[in-house]
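Ready for some practice in reading a protein model? Work through each exercise on your own, then follow the solution step by step.

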Amino acid sequence: RCIKSEKKGRRVFYGAMVAEGIIALVWAAAGVSCYDSSRALLDAGGGCSAVVYEICQSTMGKIGGILAVIGVIICPISSGDTAYRSARLTLADWFKLDQSDWKKRMLLTAPLLFAGALICHLDYSMVWRYFSWSNQTLAMIALWMASVYLVRHKKSFYITVVPAVFMSAVSSTYLFSAPECFGFFWNALGIDYSIYYPCAVVGGIIVAIAFLLCFVFWLNRYSK
């Protein structure tokens with residue numbers, strides 16, 4: 001939504017995804033090194049920003065603290081600006097509103113800023129977890145869509161089907177186990193985490209297999 005030509009999309013989005021993947025691996029390694037288990041990481045308290053600050057401070061001292069401020073505060077400001085702009089342009093396309101006039105831009109900007117102000121009063125640790133899950137779920141959906149696209153264009157689709165199955169299992173497992181999702185019901189029933197988490201993993205695997213079977217069924221019908 002924010003580039004002048006769609007021709008630049010491949011370079012921008014591929015580059016962003018590769019960079020994001022590398023950053024994710026770095027933070028995964030840092031989390032494993034600084035905390036004994038995933039449960040210890042979740043119980044660290046203070047939200048993701050506090051964990052980032054603690055890891056940066058313990059590994060790189062004052063320089064790490066500066067990097068934490070840049071990564072947690074300064075960089076998200078530019079991301080937020082891009083997100084608002086993208087949302088405004090998307091709404092403008094939906095409602096056929098010309099954005100050349102600043103008054104029409106403000107007509108969409110004001111409600112978006114108001115919605116953002118309301119979100120700021122919510123528990124950010126909860127919002128972040130919902131965002132993380134929705135982001136992974138969106139990636140899962142995109143991978144399945146890409147698989148269908150590759151099939152219809154008679155290209156190898158395994159490169160997207162394999163990660164799509166994996167992401168289906170991951171997203172479903174989180175949905176079944178997270179306290180803000182179905183995990184709330186497990187806790188309400190007094191079932192221990194050590195019991196319901198393996199059940200959630202099994203459920204995630206079953207969902208991933210079901211998605212794969214649906215894809216195979218569609219593939220057989222399409223091939224005929």
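Helices are DSSP runs of H or I that hold at least four residues, and they are numbered from the N terminus. With that in hand, K154 can be placed in the loop between helix 5 and helix 6. Keep in mind that this is a predicted model.

**Exercise 1. Find out what is unusual about the phi of K154, and look for a similar case at K96.**

Solution. Start with the general rule: most residues other than glycine have a negative phi. Now look at K154, which has a positive phi of about 55° although it is not a glycine. K96 is also not a glycine, and its phi is positive, near 55°. Next, place K96: it sits in the loop between helix 3 (47-95) and helix 4. Finally, check the surroundings. Exposed means over 50% relative accessible area, so K154 at 78% counts as exposed, and so does K96 at 73%.

**Exercise 2. Work out whether the end-to-end distances of helix 8 and helix 4 agree with their numbers of residues.**

Solution. The expected span is 1.5 Å times one less than the number of residues. Helix 8 (residues 193-223) has 31 residues, so it should span 45 Å. Its end C-alpha atoms are 44 Å apart, which agrees. Now repeat the step for helix 4 (residues 102-119): its 18 residues should span 26 Å, and its end C-alpha atoms are 25 Å apart, which agrees too.

**Exercise 3. Which residues of helix 8 are buried, and which helices do they pack against?**

Solution. Buried means under 20% relative accessible area. In helix 8 this holds for Y196, A200, G203, G204, V207, A208, F215 and L219. These buried residues pack against helix 5 (124-152), helix 6 (158-177) and helix 7 (183-188). For practice, turn to helix 4, where L108, L112 and G116 are buried.

**Exercise 4. Describe how helix 5 is arranged against helix 8, and then against helix 6.**

Solution. Take helix 8 to begin with. Helix 5 and helix 8 pack at an angle of about 20°, and their axes are 11 Å apart. Angles under 35 degrees count as roughly parallel, so helix 5 and helix 8 are roughly parallel to each other. Their crossing is right-handed. Among the residues that meet are M140, W144 and S147 in helix 5 and F211, L212 and F215 in helix 8.

Now take helix 6. Helix 5 packs against helix 6 at an angle of about 150°, with axes 8 Å apart. That makes the two helices roughly antiparallel, and helix 5 passes helix 6 in a left-handed crossing. The residues making this contact include R129, W133 and Q136 of helix 5, and I159, T160 and V161 of helix 6.

**Exercise 5. How many disulfides does the structure hold, and what is the situation of C199?**

Solution. Recall that a disulfide is a covalent bond between the sulfur atoms of two cysteines. The structure holds zero disulfides. For C199, the nearest cysteine sulfur is that of C181, 17 Å away, whereas a disulfide needs the sulfur atoms within 2.5 Å. As for its surroundings, C199 is partly exposed, with a relative accessible area of 41%.

**Exercise 6. Where is V170, and how far is V170 from I55?**

Solution. V170 belongs to helix 6. Its relative accessible area is 36%, so V170 is partly exposed. In sequence, V170 and I55 are 115 residues apart, and in space their C-alpha atoms are 25 Å apart.

Notes. Residues numbered from 1 in each chain as written. Predicted model: local features only at pLDDT ≥ 70, side-chain atom pairs only at ≥ 80, totals over all residues. Heavy atoms only, no water. Buried < 20%, exposed > 50% of the residue type's maximum accessible area, 1.4 Å probe, protein only. Contact = heavy atoms within 4.5 Å. Axes fitted to C-alpha atoms, helices over the stretch in contact; angles between N-to-C directions. Parallel < 35°, antiparallel > 145°, perpendicular 65-115°, else oblique. Left-handed = near helix turned anticlockwise from the far one by under 90°.
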